[in-house]
Amino acid sequence: MKLSLDNAIAPIFVLIWSTGFVIARLAMPYVEPATFLFWRCIGVLAAMAALSLIWRITWPSWSQTKHIAVAGSLLQFGYLLGVYFAIHLGMGAGLAAIIVGLQPIVTAWFAAWISEQVSPRQWIGLGFGFAGVALVVLEKITFVHIPFVSYVLAFIALLSITFGTLYQKKYCPVFDLRAGSSIQFGVSAVLCFIFMYFFETGVMVWNASVIGALLWAIFPLSIGSISLLFMMIRKGAATKVTSFLYLTPPTTALMAWFLFGEPFTVLMALGLGLTMTGVVLVNARQVNTVATIAE
């Protein structure tokens, strides 16, 4: 049976999303995290400015713009900077993806904690998820020493995307994705520049790896992901993303194993399976999808 374009959109979206950790691993040996993210934001803004001549963008009100900016500072700055710094300091792309892959679990847990009692199923899922990550981390330690601060940064990224998602759900759940992304990347560009100015050298080694990673981050990863998500929302298929996103950590782990030779053992596969089982248990029967592009 011929696979229709509509059915292919969600898997393509998740495949592109998974490459975010891989390009971080590819570029970080040659550039500092905030510097790379600053130029990525500038590239996305330039591309959005050009595309705005073709796309008819609906800009939000000033009050909604402020909420979108706050969510963007968490989703595009706090989250990405945490992930990139963790990888910059030695964490593998696969492990970073697995830790951040707990985000649906933590988001659902905080949402339930705020509004209603956590169900037994969600507690079981939470246990599965964290047990899986712990198993992968313990197995990784036997292969390579990873600085403790890398784990701290990865979990800061996890909390940043979690609270950014909850904030966006509460204060600005609906907006034109192109306008919202322009606002979020604009705020993030300013924050990245400030961080780069005070804490980094701003030096960028322009080689094939960095240029390739930057171009991929700007176009397929940022512009492409936004376009695909916009298409899914228009076609009423956005809820499919929730189930497909569960495949992001294993997809990234396999990419990192293939491209960089990062270890992927049976125990890691078991831990990954536990984590994904936990995510499914926590999010069973949940259909709400947030219009968020943070990767």
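Biologist: What makes the sulfur of Cys41 too far from the closest cysteine sulfur for a bond?

Modeller: The closest one, in Cys192, is 4.8 Å away, and a disulfide is a pair of cysteine sulfur atoms within 2.5 Å, so Cys41 doesn't make the cut. One caveat: this is a predicted model, where local features need pLDDT of at least 70, side-chain atom pairs count only at pLDDT 80 or more, and totals for chains, interfaces and linings use all residues. Residues are numbered from 1 along each chain as its sequence is written, and side-chain values use heavy atoms, with hydrogens and water left out.

Biologist: How many disulfides does the structure hold?

Modeller: Zero.

Biologist: Why is Cys192 called buried?

Modeller: Buried means under 20% relative accessible area, exposed over 50%, and partly exposed in between (1.4 Å probe, protein chains only). Cys192 sits at 0%, so buried is the word. Cys41 has 3%, so that residue is buried too.

Biologist: And Tyr197, buried or exposed?

Modeller: Exposed, because its relative accessible area is 59%. Tyr197 lies in helix α8 (residues 177–199); helices are DSSP runs of H or I, at least four residues, numbered from the N terminus.

Biologist: What does Ile68 touch, not counting residues up to four places away in sequence?

Modeller: Pro60, Cys172, Phe175, Gly180, Ile183 and Gln184, where contact means heavy atoms within 4.5 Å. Ile68 is found in helix α3 (residues 62–88), and it is called buried because its relative accessible area is 0%. Ile68 and Tyr167 are 99 residues apart in sequence, yet 9.0 Å apart in space, C-alpha to C-alpha.

Note on methods: Helix = DSSP H or I, 4+ residues; strand = E, 2+ residues; numbered from the N terminus.
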